[in-house]
Amino acid sequence: MLAGFWYRAMPAGRVHRNQLYKAMLLEIPLVVGRDRAGHPFALRDACPHRGMPLHCGRFDGEELECSYHGWRFDVHDGQCQLIPSLTSDQKLRVDRIYAGSYPCEEQDGFIWVYVPEPAPPGAGVAKPANAPDPAPQVEKFSEKYKLAYLTADMPVSVDHGIIGLMDPAHGPFVHQAWWWRSRHSIHEKQKNFEPIPNGFRMNAHTPSSNSVPYKLLRLYAAADSVTTTIDFTLPNLRSEVIRAGKYWFSSLTTVTPITRNQCRIEVVAAWNVFGWVPFGTELLKFVFAKFVEQDRRTMELQAEGLKHNPHLMLIDDADRPAKWYFQLKAAHLEAKRTGQEMKHPMAGPVTLKWRS
Ligand code: FES
Ligand SMILES: [Fe+2]
């Protein structure tokens with residue numbers, strides 16, 4: 001679980017003003033909410049006094065009052081505003097006490113939380129950290145577009161969630177459907193990859209015929225005019241952009257570590273196509289939901305097999321992206337340890353071949 005990055009904490013539509021919600025990221029319990037003006041916030045879900053979960057407190061849309069002894073905190077920077085038990089001659093500096101607070105942003109229908117490294121202490125006098133960059137966004141190529149999301153909990157570590165996501169070889173076995181494909185449609189494929197900062201890119205002018213939006217996009221444009229780019233970047237971002245003339249479909253999928261044995265896959269898609277297809281959005285959501293459910297079910301079963309730490313292997317070329325993921329992660333951690341620039345595990349472009 002990598003700290004020092006933005007993570008999706010909750011779908012924004014589930015977070016209403018003046019209310020408090022529990023969330024968890026990287027085994028850190030959080031209380032998430034929205035102030036009176038609608039701005040989201042995230043605090044460590046433990047009062048710096050004696051650890052009472054802050055989500056049990058009262059919230060007036062501005063300050064959060066702990067339910068145990070009534071200490072009050074500003075929800076955005078976590079600064080303590082009031083300790084009701086203090087008498088007028090007691091000089092404790094209330095304003096130097098902070099509940100751990102996390103940078104928080106709303107982006108493309110999600111509340112994102114920046115988990116700094118090291119994590120802010122639950123109790124104490126630490127001021128909130130600032131995030132070095134804004135939260136990631138789904139790439140968009142026109143003013144008007146539609147947006148939809150899907151979320152699914154997986155009972156496996158974030159590593160298994162991520163390598164499951166980038167694994168090309170499970171498609172014919174896990175994602176079978178009579179209207180889609182069967183294991184008899186397996187054929188040899190060749191894809192070009194290249195290093196990008198913190199990750200790698202798959203470039204294709206003729207996208208994988210297994211890609212859902214690609215099959216739908218072919219309704220709009222000649223197959224050879226469709227291009228697709230899939231990027232993976234640390235810690236957990238997979239972005240896919242498919243373009244056909246003025247039409248585009250773009251998605252940003254994240255695998256969020258909740259605990260060390262639990263992750264959540266979230267797909268947010270934006271597009272300017274399928275406007276004329278009756279129920280286009282519903283159709284797309286249905287197809288995606290089906291795929292994600294097949295993955296979720298598979299990982300649920302896989303978790304059984306992983307319980308007793310069996311030996312595992314990664315093979316070339318189908319598992320090479322998974323190997324790159326582990327190498328990128330190791331390189332990132334090594335760079336942080338030494339303070340030097342990250343050494344990218346890929347020296348240059350690579351072509352991979354597999355059957356799927
Ligand atoms: S535990 Fe929160 S005010 Fe005492
Ligand atoms: Fe899958």
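1. In this predicted model, strand β2 (residues 20-25) and strand β3 (residues 28-34) run antiparallel and are joined by six bridges. Within this pairing, L20 is set opposite G33 of β3. The two strands make a hairpin, with two residues between them. One point to look at in the turn is L26, whose phi is positive, about 50°.

2. β3 also pairs with strand β4 (residues 40-44), again antiparallel, through five bridges. Here G33 faces F41 of β4. G33 is thus a convenient residue for following the register: L20 stands opposite G33 in the β2 pairing, and F41 stands opposite G33 in the β4 pairing.

3. What is the order of the strands in the open sheet? The four strands run β2-β3-β4-β9, with antiparallel pairing. The edges are β2 and β9 (101-102), each of which pairs on one side only. As general background, strands of a sheet pair through backbone hydrogen bonds, in either a parallel or an antiparallel manner.

4. Turning to the helices, the axes of α1 (residues 158-165) and α5 (residues 320-338) come within 9 Å and cross at roughly 140°. Angles over 145 degrees would count as roughly antiparallel and those from 65 to 115 as roughly perpendicular, so α1 and α5 are classed as oblique to each other. The crossing of α1 past α5 is right-handed.

5. Both α1 and α5 also appear in the lining of the largest pocket, which has a volume of about 510 Å³. The elements that contribute two or more residues to this lining are α1, α4 and α5. Of these, α4 gives the most, with five residues. The pocket is lined by 21 residues, and those closest to its centre are I163, D167, Q302, L314 and D319. By type, the lining divides into 12 nonpolar, five polar and four charged residues.

6. How many cavities of 30 Å³ or more does a search of the whole structure find? There are three. The second largest has a volume of about 80 Å³. Its lining consists of A148, Y149, L150, V267, A269, W271, L284, K285 and F288. Two or more of these residues come from each of β12 (146-154), β18 (262-271) and α4 (280-306).

7. The lining of the second largest cavity has eight nonpolar residues, no polar ones and one charged. K285 is among the lining residues. α4 therefore deserves a look in both places: α4 is an element of this cavity's lining, and α4 also gives five residues to the lining of the largest pocket.

How values were computed:
Residues are numbered from 1 along each chain as its sequence is written. Chains are lettered from A and ligands numbered from 1 in the order in which they are written. This is a predicted model: local features need pLDDT of at least 70, side-chain atom pairs count only at pLDDT 80 or more; totals for chains, interfaces and linings use all residues. Side-chain values use heavy atoms; hydrogens and water are left out. Two strands pair if DSSP finds at least two bridges between them. On a 1 Å grid over the protein atoms alone, a cavity is a set of points where a 1.4 Å probe fits but cannot get out, and a pocket is an open set with protein on both sides within 12 Å along at least five of seven lines; lining residues have an atom within 4 Å of a point. Grid points are joined across faces, edges and corners, and a volume is the space filled by probe spheres set on the points. Ala, Val, Leu, Ile, Met, Phe, Trp, Tyr, Cys and Pro count as nonpolar, Asp, Glu, Lys and Arg as charged, and the others, Gly among them, as polar. Axes are lines fitted to C-alpha atoms, for helices over the stretch in contact, and angles run from 0 to 180 degrees between N-to-C directions. Angles under 35 degrees count as roughly parallel, over 145 as roughly antiparallel, 65 to 115 as roughly perpendicular and the rest as oblique. A crossing is left-handed if the near helix is turned anticlockwise from the far one by less than a right angle, and right-handed if clockwise.
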